[in-house]
Amino acid sequence: MTALAKAAPAFPALELETAPCPACADGGLQAFYALRGVPINSCILMHSREEALSWPRGDLRLCHCPACGFVTNTRFDRGLEYSGRYEETQAFSGTFNAFARDLARRLVDRWEVRDRTVLEIGCGKGEFLLELCQEGANRGIGVDPGYRPERTTSPLVSSGQVRFCRDFYASRHLEPEVDVVVCRHTLEHIAPVRELVEGLRRDLGGREDVLVFFEVPDILRVLREGAFWDLYHEHCSYFSPGSLARLFRGAGFEVLDLWLDYDEQYVMLVARPAPGPTTARLPLEDDRDELALAVQDFAGVTGEVLARWRGELEEAQAGGERPVLWGSGSKGVAFLSTLGGLPWLPWVVDINPHKQGKFMPGSGQEIVAPARLRERPPGLVVLMNPIYREEVQRDLDRLGLAPRLVAV
C-alpha cells in the first residue's frame with residue numbers, strides 16, 4: 001500500500017451533532033466531513049524534521065448548520081499556539097501585496113477611511129494596517145500575539161502613528177477614539193464566533209458611526225470545488241457570504257456591503273452598528289439552499305478530487321517527474337496530511353525567507369527557496385493556490401526551469 005492510499009477522510013451521512021451552532025445557537029448541526037490525525041497547527045515554524053513529524057495532531061469533524069449556513073469543526077482544540085513562531089504572512093508575494101494595496105485604497109475611497117483611528121484585530125505582522133494608515137493618513141492600533149516588532153521598519157511606527165500590541169484581542173483594546181475596526185483572516189480561527197461579534201457590538205454601544213470590515217475565506221467555494229486542502233484544524237469557523245452576514249445582523253449590525261474578492265476566494269463584509277434589527281437585502285445573503293446542496297454533494301465532489309490527485313501524483317512519481325509542492329502554508333499542510341503525508345516528496349517551496357530551512361508540520365518535508373530547485377529540477381510543480389500561477393511561472397522561468405505547473 002502506498003503512502004497516498006493511507007489517507008481516509010470520512011463523509012458522515014449528515015449525522016446529527018449534539019453541540020449547538022456557535023453562530024446562531026441552533027441545535028441542528030449536521031456532520032459531513034471527518035479526518036483524524038491532522039497537525040493542530042499549520043503555520044508554526046518547525047525547526048527540525050523530528051519536531052515536524054512529532055507535532056501534536058487533532059481531528060476534523062466539520063458540521064453544517066442548516067439554520068444559518070455556518071460550518072464549524074466541533075473537534076477544534078482551543079489551546080492552539082499563536083505566538084511569534086506563527087508565520088502566516090503572505091507579504092512576500094507581489095500578487096498578494098498588490099491585492100492588499102488595492103483593497104486599502106478601496107476602503108479609504110469608498111468608505112472615507114481618512115484621518116481615522118483604525119483598530120485591527122488579528123493584525124498578523126502588521127502589513128495591512130500600515131498600508132491602510134499610509135493610504136488614508138490614519139492612526140493605527142494592531143493587536144496580535146504573533147506580531148514581530150523587529151520585522152517592522154515603517155516610520156509610522158517610530159513616529160507613534162501606528163502601534164502594536166502582542167496580545168489576543170479583548171474589549172480593552174477597543175479604545176474610545178477607535179472609529180474603524182478591521183479583522184482579516186482571524187474570525188475563522190475563533191470558535192465562539194457569536195460571542196466575539198456580539199461582544200464587539202456591545203462594546204461599541206451607541207457609536208453607530210464606527211465602520212467594521214471583516215474578511216474570511218469562502219466555504220461555499222471550498223465545498224463546490226471539493227477543495228480538501230482548505231480544510232484544516234486551525235480553521236474552526238467557516239463562512240459563506242450569507243452566513244457571515246447573518247452572524248453580523250443577528251449580533252446587531254447593519255451589513256452595508258458584501259462581496260467576494262481575490263479570485264472569489266475571500267468573503268468581504270462592511271457593517272456598522274445598528275440601532276435595532278436589520279433585514280437581509282444584499283444579493284449574496286440568500287445562500288442557505290446553495291450551502292445545503294453543496295454540503296450534500298461534498299462527499300461525491302471531494303471523492304473525485306482526491307482520486308484525481310492520488311492518480312496524478314502516483315503517476316508523476318512513478319514516471320520520475322520528482323514532484324514538489326509550491327506553498328508551505330495551511331493549504332500545503334492540509335494537502336499533504338489528507339493524502340497521507342507523501343513521504344517520498346522531498347521539498348515544499350516557499351518564497352518567504354522565514355520559512356526556508358524549516359519543515360512541514362506533520363509530514364516533515366523541508367521548506368526550500370525556489371533557487372534550491374536547480375539542484376534537483378522537478379518535472380511537476382503542484383501550486384497550492386492558482387492565483388499565484390503567473391508569479392510562480394515567472395520565478396521558474398528566471399531559474400531556467402520548465403516543469404509542468406499544475407494548480408489545485
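Which residues of H7 are buried? The close-ups below come from a predicted model, and the first view gives the answer.

**View 1. Helix H7 is mostly covered.** Helix H7 runs through residues 241-250, and nine of its ten residues are buried. Here they are: Pro241, Gly242, Ser243, Leu244, Ala245, Arg246, Leu247, Phe248 and Arg249. So what is sitting on top of the buried residues of H7? The cover includes two helices, H5 and H8 (288-318), along with strands S9 (211-217), S10 (237-238), S11 (253-261) and S12 (266-273). Follow the chain just past H7 and you'll come to Gly252, which takes a positive phi of about 105 degrees.

**View 2. Helix H5 meets helix H7.** Now look at one of the elements covering H7: helix H5, residues 193-204. The axes of H5 and H7 come within 9 Å and cross at roughly 50 degrees. An angle like that makes H5 oblique to H7, and the crossing is right-handed. On the H5 side, the contact is made by Val193, Arg194, Val197 and Glu198, while H7 brings in Leu247, Phe248 and Gly250. Sort the residues of this contact by class and you get four nonpolar, one polar and two charged. Two of the H7 partners, Leu247 and Phe248, also turn up in the list of buried residues from View 1.

**View 3. Helix H2 crosses helix H3.** Here's another helix pair to look at: H2 (residues 94-111) and H3 (residues 127-136). Their axes come within 9 Å and cross at roughly 45 degrees, which means H2 is oblique to H3. The crossing of this pair is right-handed. From H2, the residues making the contact are Ala100, Arg101, Leu103, Ala104, Arg105, Leu107 and Val108. From H3, they are Phe128, Glu131, Leu132, Glu135 and Gly136. Residue spacing is worth a thought here: an α-helix has 3.6 residues a turn, so residues three or four places apart point the same way. By class, the contact of H2 with H3 has seven nonpolar, one polar and four charged residues.

**View 4. Leu53 touches residues from far along the sequence.** Leu53 is found in helix H1, residues 49-53. Is Leu53 buried or partly exposed? Leu53 has 38% relative accessibility, so it counts as partly exposed. Leaving out residues up to four places away in sequence, Leu53 touches Gly362, Ser363 and Gly364. Take Gly362: in sequence, Leu53 and Gly362 are 309 residues apart, yet in space they are 4.8 Å apart, C-alpha to C-alpha.

Definitions and conventions: Residues numbered from 1 in each chain as written. Predicted model: local features only at pLDDT ≥ 70, side-chain atom pairs only at ≥ 80, totals over all residues. Heavy atoms only, no water. Axes fitted to C-alpha atoms, helices over the stretch in contact; angles between N-to-C directions. Helix = DSSP H or I, 4+ residues; strand = E, 2+ residues; numbered from the N terminus. Parallel < 35°, antiparallel > 145°, perpendicular 65-115°, else oblique. Left-handed = near helix turned anticlockwise from the far one by under 90°. Contact = heavy atoms within 4.5 Å. Nonpolar A, V, L, I, M, F, W, Y, C, P; charged D, E, K, R; others polar. Buried < 20%, exposed > 50% of the residue type's maximum accessible area, 1.4 Å probe, protein only.
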